[in-house]
Amino acid sequence: MKKIICLMLATLLVLCFAACDTSSEAPKPTEAPRELTVAELLDLIEKNDANNNTGRVMKNSMDASVKATVPGLTMNLTMSMLQYSKEDGDNSVMASEFTTTFPGEEAEKDIEYYANGYLYTVIDGVTIKTESSFEEATGSSDNDAEEPSDEEFINVIKESSSEIQSDGSYKIFISIDTTKDISFLYELLGGLDSDGGEINISKMDIMLYVSAEYLVDLVEIDMVVSMVQDNPDVGSIKMEYTMKVKMEIMPQDFVIQIPEDIDIENAVDSSQEEL
């Protein structure tokens, strides 16, 4: 289930960055803040983000309610995630905590840390390190679909609006029309159906909070995704995810901390030790 969340986040990142490249012409920033169209703002964001967010830490948080249905049984559970990541070549770093809560049970936590080519996890109180790429650690390696074209993205926008704030910042709202051809979204989520499952997106609303310098400070995504897979042992399994995701660019001097439960110094190499 954690892989599903990682893939969804990787997909949403690609989608959001694609949204910031939907216009070829846009006005240059002026000293006095003024109303701009969504297309104008997205173009300015795309130009400025390319030069200002390299090596920056991104904070991803997610809260989801999950309805799992198998023949004769329906179960509701909740999931949350907090992840800090910085993609910067050999200096890439990631720290994350996944929490899953089943009805009537204590919350289960899964803590991970990535640095210097190793993914660190905790199993029964022991820190395990596994050689890994940053892409493998964050789940983005399972997502090799191409970024949607400007036309593909624009054609599926149901509603969009921009609003200037008193401090010169902006709010951008984009709602995706899931009744249209959103095949590019299903291609981005292709890593989820490796077992031949069926994926359906029934809702996706995106809110971007943009600074006066046309830099994205925060992205909020409200979406509903369902998955159906056939299991030879239990029959058809349906998972319905109602997710709220936030993606926030942290200040330049923000440093990702090693989680308390991760003991890097005494970590056991998974390639050399059997558990």
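Guide: Let's start with a definition: two strands pair if DSSP finds at least two bridges between them. Keep in mind that this is a predicted model.

Visitor: What makes S1 and S2 a pair?

Guide: The pairing rule asks for at least two bridges, and 13 bridges join strand S1 (residues 58-70) to S2, so they pair. The two strands run antiparallel. As one example of a bridge, Ser65 has Thr78 in S2 as its partner.

Visitor: How many residues sit between S1 and S2 in the hairpin?

Guide: There are 2 residues between them, and Gly72 in the turn has a positive phi of about 85°.

Visitor: How do you know that S1 pairs with S11?

Guide: Same reasoning: the rule needs at least two bridges, and 12 bridges join S1 to strand S11 (residues 235-249), so this is a pair, with the strands antiparallel. Take Asp63: Lys244 stands opposite in S11, and Ser80 stands opposite in S2.

Visitor: Why are S7 and S12 called edge strands?

Guide: The open sheet has 12 strands in the order S7-S8-S9-S10-S11-S1-S2-S3-S4-S5-S6-S12, with mixed pairing. Strand S7 (157-164) and strand S12 (268-269) each pair on one side only.

Visitor: On to side chains. Why is the contact of Asp222 with Lys244 called a salt bridge?

Guide: The cut-off is a Lys or Arg side-chain nitrogen within 4 Å of an Asp or Glu carboxyl oxygen. The closest N and O atoms of Asp222 and Lys244 are 3.3 Å apart, so the pair qualifies. Asp222 is in strand S10 and Lys244 in strand S11, 22 residues apart. Salt bridges that share partners also join Lys203, Asp222 and Lys244 into one network.

Visitor: Is Asp222 buried or exposed?

Guide: Buried means under 20% relative accessible area, and Asp222 has 19%, so Asp222 is buried. Lys244, with 53%, counts as exposed because exposed starts over 50%.

Visitor: How do you know that Glu220 and Lys246 form a salt bridge?

Guide: Their N to O distance is 3.8 Å, and the limit is 4 Å, so they pass. Glu220 lies in strand S10 (residues 216-231) and Lys246 in strand S11, so the pair ties together parts that are 26 residues apart in sequence. Both residues are partly exposed: Glu220 has 24% relative accessible area and Lys246 has 40%.

Visitor: What about Lys109 and Glu97: what makes that a salt bridge?

Guide: With 3.6 Å from N to O, their side chains fall within 4 Å, so this is a salt bridge. Lys109 is in strand S4 and Glu97 in strand S3, 12 residues apart. Lys109 is exposed at 58%, while Glu97 is partly exposed at 31%. By this rule the count comes to 4 salt bridges.

Visitor: What makes Asp124 stand out in its phi?

Guide: Asp124 is not a glycine, yet has a positive phi of about 50°. Asp124 is found in the loop between S5 and strand S6 (126-131), and with 78% against a cut-off of over 50%, Asp124 is exposed. Asn116 also has a positive phi, about 55°, without being a glycine.

Visitor: Which residues form the negative surface patch?

Guide: Glu87, Asp88, Asp90, Glu135 and Glu136. Asp and Glu count as negative, so the name fits. Asp90 sits in the loop between strand S2 (73-86) and strand S3 (93-101). Patch residues need over 30% relative accessible area, and Asp90, at 74%, clears that and counts as exposed.

Key. Residues numbered from 1 in each chain as written. Predicted model: local features only at pLDDT ≥ 70, side-chain atom pairs only at ≥ 80, totals over all residues. Heavy atoms only, no water. Patch = residues over 30% accessible without salt bridge, like charges linked within 9 Å, V, L, I, M, F, W, Y side chains within 5 Å. Areas by Shrake-Rupley, 256 points an atom, 1.4 Å probe, with all protein chains shown as cover. Charge placed at Lys NZ, Arg CZ, Asp CG, Glu CD. Helix = DSSP H or I, 4+ residues; strand = E, 2+ residues; numbered from the N terminus. Buried < 20%, exposed > 50% of the residue type's maximum accessible area, 1.4 Å probe, protein only.
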